[in-house]
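User: Please take a close look at the open sheet in this model and tell me how its strands are arranged. Some background on the whole chain would help too.

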Amino acid sequence: QVQLVESGGDLVQPGGSLRLSCAASGSIFRIDAMAWYRTAPGKQRELVASVNYGGTTTYADSVKGRFTISRDNAKNTVYLQMNGLRPEDAAVYYCNADLWNTQHVLQRYWGQGTQVTVSS
């Protein structure tokens, strides 16, 4: 059994910052890629940022220069530092992880989501 738990979502004013965390726990052998997605009302889920085991990162054009994804492999945790938040960043943010469980099966797991609201 594997579980991903996100935290850090909140209400923040435009221009503000938030740090999201997502911790994976359970029968984990190794985590490959980890990523953050978001779903805004009336929009499809979009990839925000990803990071592979070695630390290589990718970002959506809309967040480049403002968001930073990082991970702590020892803690099986991925972070998303969000600076310069805009109203259009408001969404439910989900993390996922492509991980090998202790049965050496590779699967993608999702967290339950954390709400980010950007409003004055």
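Analyst: A residue is called buried when its relative accessible area is under 20%. By that cut-off, buried residues make up 43% of the 120 residues in the protein chain. The model is a predicted one.

Some background on the chain comes before the sheet. The protein chain has zero helices and eleven strands. Its C-alpha trace spans about 50 × 25 × 25 Å along the principal axes. The radius of gyration is 14 Å, which agrees with the value near 14 Å for a compact globule, because that is what 120 residues would give. Of the contacts with a separation of 6 or more, 55% join residues that are 24 or more positions apart.

Now the sheet. Strands of a sheet pair through backbone hydrogen bonds, in either a parallel or an antiparallel way. Here four strands form an open sheet, in the order E1-E3-E8-E7, and the pairing is antiparallel. Strand E1 (2–7) and strand E7 (67–72) are the edge strands, and each of them pairs on one side only. From one strand to the next, the twist averages 15°.

At the E7 edge, the partner is strand E8 (residues 77–82), and the two strands pair in the antiparallel sense over six bridges. Asp-72 stands opposite Thr-77 in E8.

Side chains add some detail. The charged end of Arg-19 sits over the ring of Tyr-79, 4.0 Å from the ring's centre. Arg-30 lies over the face of Tyr-53, with 4.6 Å to the ring centre. As for aromatic pairs, a search of the whole structure finds one.

Terms used: Residues numbered from 1 in each chain as written. Predicted model: local features only at pLDDT ≥ 70, side-chain atom pairs only at ≥ 80, totals over all residues. Heavy atoms only, no water. Pairing = 2+ DSSP bridges. Axes fitted to C-alpha atoms, helices over the stretch in contact; angles between N-to-C directions. Phe/Tyr/Trp six-rings, centres within 6.5 Å; stacked < 30°, edge-to-face > 60°. Lys NZ or Arg CZ within 6 Å of the ring centre and 35° of its normal. Rg over C-alpha atoms; globule rule 2.2 N^0.38 Å. Buried < 20%, exposed > 50% of the residue type's maximum accessible area, 1.4 Å probe, protein only. Contact = heavy atoms within 4.5 Å.
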